[in-house]
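Here is a short tour for anyone meeting this structure for the first time. Have a look at the model, then read on for its charged pairs, its helices and its core.

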Amino acid sequence: LGRMRDVRSLPVLTKALLEDERVPVRAEAARGLVGYPKTRRILQQALRSEPEPSVREAIKTAIKAARS
């Protein structure tokens, strides 16, 4: 979904990152948000509340990619 870079998928990816119970879904949503404008704020919000280390790493990687 994130690879499509269709702004209509942004709400779906954001909801998956912030609310989905499944760890792999949250991690993929973080990766999928890379390349969208103004997603660093969403990623930073998710990082503050994410308890799972693997998802936290995916979010950190996405934040770094969003900076470049």
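Let's start with a charged pair: Arg-31 and Glu-28 are joined by a salt bridge, with 3.7 Å between the closest N and O atoms. Keep in mind that what you're looking at is a predicted model. Both partners belong to helix α2, where Arg-31 and Glu-28 sit three residues apart, about one turn of the helix. Are these two buried, exposed or something in between? Arg-31 has 44% relative accessibility, so it counts as partly exposed. Glu-28 comes out at 46%, so it is partly exposed too; the cut-offs here are under 20% for buried and over 50% for exposed.

Why might such residues team up at all? Side chains of opposite charge can pair when their charged atoms come close.

How many salt bridges turn up when the whole structure is searched? The search finds five. Here are three of them, including the one we just met.

| Salt bridge | N to O distance | Helix and spacing |
|---|---|---|
| Arg-31 and Glu-28 | 3.7 Å | α2, three residues apart |
| Glu-19 and Lys-15 | 3.9 Å | α1, four residues apart |
| Lys-60 and Glu-57 | 3.6 Å | α4, three residues apart |

The α1 pair is out in the open: Glu-19 and Lys-15 are both exposed. The α4 pair is a bit more tucked in than the exposed class allows, since Lys-60 has a relative accessible area of 34% and is partly exposed, and Glu-57, at 46%, is partly exposed as well.

Now for α4 itself. This helix has 15 residues and runs 21 Å from its first C-alpha to its last, close to the 21 Å expected at 1.5 Å a residue. Which of its residues are buried? They are Val-55, Ala-58, Ile-59, Ala-62 and Ile-63. These buried residues cover an arc of only 140° around the axis, which puts them on the same side of α4. Turn to the face pointing away from that buried side and you'll meet the exposed residues Pro-53, Thr-61, Lys-64 and Arg-67. As for neighbours, the buried residues of α4 pack against α1, α2 and α3.

Helix α3, covering residues 40-49, can be read in a similar way. Its buried residues are Ile-42, Leu-43, Ala-46 and Leu-47. Looking down the axis of α3, you'd see them fall within an arc of 140°, so they line one face of the helix. Arg-41, Arg-48 and Ser-49 are exposed on the other side. What lies over the buried residues of α3? The cover includes α1 (10-19), α2 (23-32) and α4 (53-67).

That brings us to the inside. The largest nonpolar core has 18 residues, and the ones touching the most other members are Leu-17, Ala-30, Leu-33, Leu-43 and Ile-59. Helices α1, α2, α3 and α4 are the elements giving two or more residues to this core, and α4 gives the most, with five.

To finish, take a closer look at Ile-59, one of those well-connected core members. Leaving aside residues up to four places away in sequence, Ile-59 touches Leu-17, Ala-30, Leu-43, Ala-46, Leu-47 and Glu-50. Among these contacts, Leu-43, Ala-46 and Leu-47 are buried residues of α3.

Technical notes
Residues are numbered from 1 along each chain as its sequence is written. This is a predicted model: local features need pLDDT of at least 70, side-chain atom pairs count only at pLDDT 80 or more; totals for chains, interfaces and linings use all residues. Side-chain values use heavy atoms; hydrogens and water are left out. Buried means under 20% relative accessible area, exposed over 50%, partly exposed in between (1.4 Å probe, protein chains only). The arc is that of the directions from the helix axis to the C-beta atoms. Contact means heavy atoms within 4.5 Å. A salt bridge is a side-chain nitrogen of Lys or Arg within 4 Å of a carboxyl oxygen of Asp or Glu. The expected span of a helix is 1.5 Å times one less than its number of residues. A nonpolar core is a set of buried Ala, Val, Leu, Ile, Met, Phe, Trp, Tyr and Cys residues joined through side-chain atoms within 4.5 Å.
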